[in-house]
Amino acid sequence: MSGPPPQAWLNALLVLIEKCQLGLLSLWHALGLTGDSHGQPAWPWARRIAGETLLIDLGLARQVGLSVCAIGFAVLAVSVALAWRRQRVVLLGAGALALLVAPWPKASLLLGPAMPTSFHASPTRFSVDAIALGARVYAQHCAGCHGADGRGEGPLAATLAQWPPTLVSPLLARRADGELFWHVLAGMRDRHGRLTMPGLRSQFGDREAWAVIDYMKALSAGSGAGADSNWPVPLRLPEMAIRCGSDAPLALSQWRGGQRVRLVAVDGVESLPYEDPRFLTVLVTQDGKAPAQVPRFRAGCTATSPHAWQAVASIAGEAPARLAGTQLLADRAGWLRARGAPGRQWSDADLVCVSAPTANTSRNAAPAPDGLTALLLRMDAEPVRFVKGGLVH
Ligand code: HEC
């Protein structure tokens with residue numbers, strides 16, 4: 001089959017659907033027709049368009065795409081008809097015909113269950129401090145069932161009526177954050193209304209619930225990294241304050257959209273990496289302090305939060321004690337893409353977040369550049385496509 005890969009139009013369609021629903025929610029909220037839930041506008045309906053279903057069911061996605069085109073055409077025809085009286089009948093007829101022949105998708109397939117927080121955005125910015133808080137919450141309240149590694153094999157799992165799902169899967173990426181948030185606080189029920197996962201609302205607040213979602217994503221990546229070289233969940237570069245030289249601390253997200261970022265866990269001056277103009281290098285140290293006496297030409301930006309070490313360890317799937325020397329590389333859009341092992345040259349095998357498994361990227365490869373350059377070129381050529389609640393990775 002020729003034609004553009006489905007990712008391109010499917011992604012545009014999912015973004016459009018997401019924006020329309022968010023727009024509708026803002027309108028409803030502005031008109032006072034819906035209130036707030038957990039500090040953000042509450043989705044007032046029990047259903048929403050399920051972007052995650054469209055990702056799996058390309059046929060349905062095509063139907064939706066064509067129907068959207070038909071609606072667009074009809075709206076255009078009506079607006080032109082308003083201005084152009086002589087052709088009004090023809091235009092209105094054409095608009096009506098477009099709506100008539102559009103392959104309208106079945107509502108039961110298109111819509112999925114929604115909750116008041118379905119469209120909520122996480123306030124944590126995936127920060128290293130939130131990941132560290134989430135790690136504590138997870139160990140205390142979740143690991144018993146979901147397992148310390150998130151694979152759903154905690155000591156209590158076998159006693160439950162339903163086995164907990166493994167979090168080391170695309171599950172967390174497919175669900176909207178707001179729906180995970182709801183499930184964590186309110187619990188889950190099966191088709192017969194029986195509680196399958198207890199709600200933890202009485203144990204902790206909103207802040208902890210958002211934080212544990214961040215930690216689960218880090219855990220999912222870290223746990224999945226060993227078994228499969230592709231992360232099940234695409235991860236943002238975690239947010240952290242960094243200090244370059246003696247300047248005031250800055251948020252790492254300032255580089256998003258501009259420069260690539262490399263995080264390097266260091267435990268002494270000997271292991272300091274060299275500065276590299278292809279990315280911003282940020283040192284992650286155990287105590288959040290810059291190593292004493294950074295020599296010239298060695299990287300000079302350091303994460304200031306002592307939680308950064310723990311967060312990077314979770315994401316990389318390394319024990320904190322063995323993290324030194326590990327590197328994480330983020331692309332220009334701020335997605336973590338590659339993980340480098342201590343003392344090894346970079347190669348394609350270090351990519352942990354690969355978008356469409358394209359076989360043709362290296363077809364007309366010029367003389368092979370070094371491993372790192374090849375990796376960076378590939379990262380730039382295959383951006384991560386992201387839609388909340390449905391990811392093309
Ligand atoms: C008593 C055991 C138990 C505990 C404690 C528990 N879970 Fe669960 N969890 C489950 C089971 C069982 C399911 C599957 C429920 C279902 O699909 O109906 C589940 C499902 C989930 C899901 C999948 C949600 C989805 O949208 O499909 C997530 C995420 C999750 N749990 C996170 C957590 C977090 C975070 C905690 C701790 C704050 C936690 N769980 C505590 C048993 C538990």
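**Entry 1: the ligand shell**

I looked up the surroundings of the ligand in this predicted model and found 21 residues around the ligand. The closest are C142, C145, H146, R175 and M197. I then sorted the shell by class: 15 of its residues are nonpolar, five are polar and one is charged.

Next I asked which helices and strands each supply at least two residues of this shell. They are helix 7 (143-146), helix 9 (177-186), strand 6 (195-197) and helix 10 (206-227). Helix 9 gives the most, with three residues.

**Entry 2: polar atoms at the ligand**

I looked up the distances from ligand atoms to N or O atoms of side chains. For H146, which is among the closest residues, a side-chain N or O atom lies 2.8 Å from a nitrogen atom of the ligand. For R175, also among the closest, the distance from a side-chain N or O atom to an oxygen atom of the ligand is 2.5 Å. I noted T196 as well: an N or O atom in its side chain is 2.6 Å from a ligand oxygen atom.

**Entry 3: the disulfide**

I searched the whole structure for disulfides and recorded one. A disulfide is a covalent bond between the sulfur atoms of two cysteines. Here the partners are C244 and C301, with an S to S distance of 2.0 Å. The pair links distant parts of the chain, 57 residues apart. C244 belongs to strand 7 (residues 241-244), and C301 belongs to strand 11 (residues 301-303). The angle about the S-S bond is 110°, and the link of C244 and C301 is right-handed. Both C244 and C301 are buried.

**Entry 4: two further cysteines**

I looked up the accessibility of C20 and C69. Why does C20 count as partly exposed? Its relative accessibility is 49%, and the class partly exposed ends at 50%, so C20 falls within that class. C69 has a relative accessibility of 51% and therefore counts as exposed, a class that begins over 50%.

**Entry 5: cavities**

Rolling a probe the size of a water molecule over the atoms shows where empty space is left. I asked how many cavities of 30 Å³ or more there are. The count comes to two. The second largest cavity has a volume of about 60 Å³.

I listed the lining of the second largest cavity: L237, P238, E239, L252, S253, W255, R256, Q259, V261, A330, D331 and G334. By class, this lining divides into six nonpolar, three polar and three charged residues.

Terms used
Residues are numbered from 1 along each chain as its sequence is written. This is a predicted model: local features need pLDDT of at least 70, side-chain atom pairs count only at pLDDT 80 or more; totals for chains, interfaces and linings use all residues. Side-chain values use heavy atoms; hydrogens and water are left out. A residue is near a molecule or strand if one of its heavy atoms lies within 4 Å of it. A polar contact is a pair of N or O atoms within 3.5 Å; within protein, one must be able to donate a hydrogen and the other to accept it, and residues adjacent in sequence count only if both atoms are side-chain atoms. Helices (H or I, at least four residues) and strands (E, at least two) are DSSP runs, numbered from the N terminus. Ala, Val, Leu, Ile, Met, Phe, Trp, Tyr, Cys and Pro count as nonpolar, Asp, Glu, Lys and Arg as charged, and the others, Gly among them, as polar. A disulfide is a pair of cysteine sulfur atoms within 2.5 Å. Buried means under 20% relative accessible area, exposed over 50%, partly exposed in between (1.4 Å probe, protein chains only). On a 1 Å grid over the protein atoms alone, a cavity is a set of points where a 1.4 Å probe fits but cannot get out, and a pocket is an open set with protein on both sides within 12 Å along at least five of seven lines; lining residues have an atom within 4 Å of a point. Grid points are joined across faces, edges and corners, and a volume is the space filled by probe spheres set on the points.
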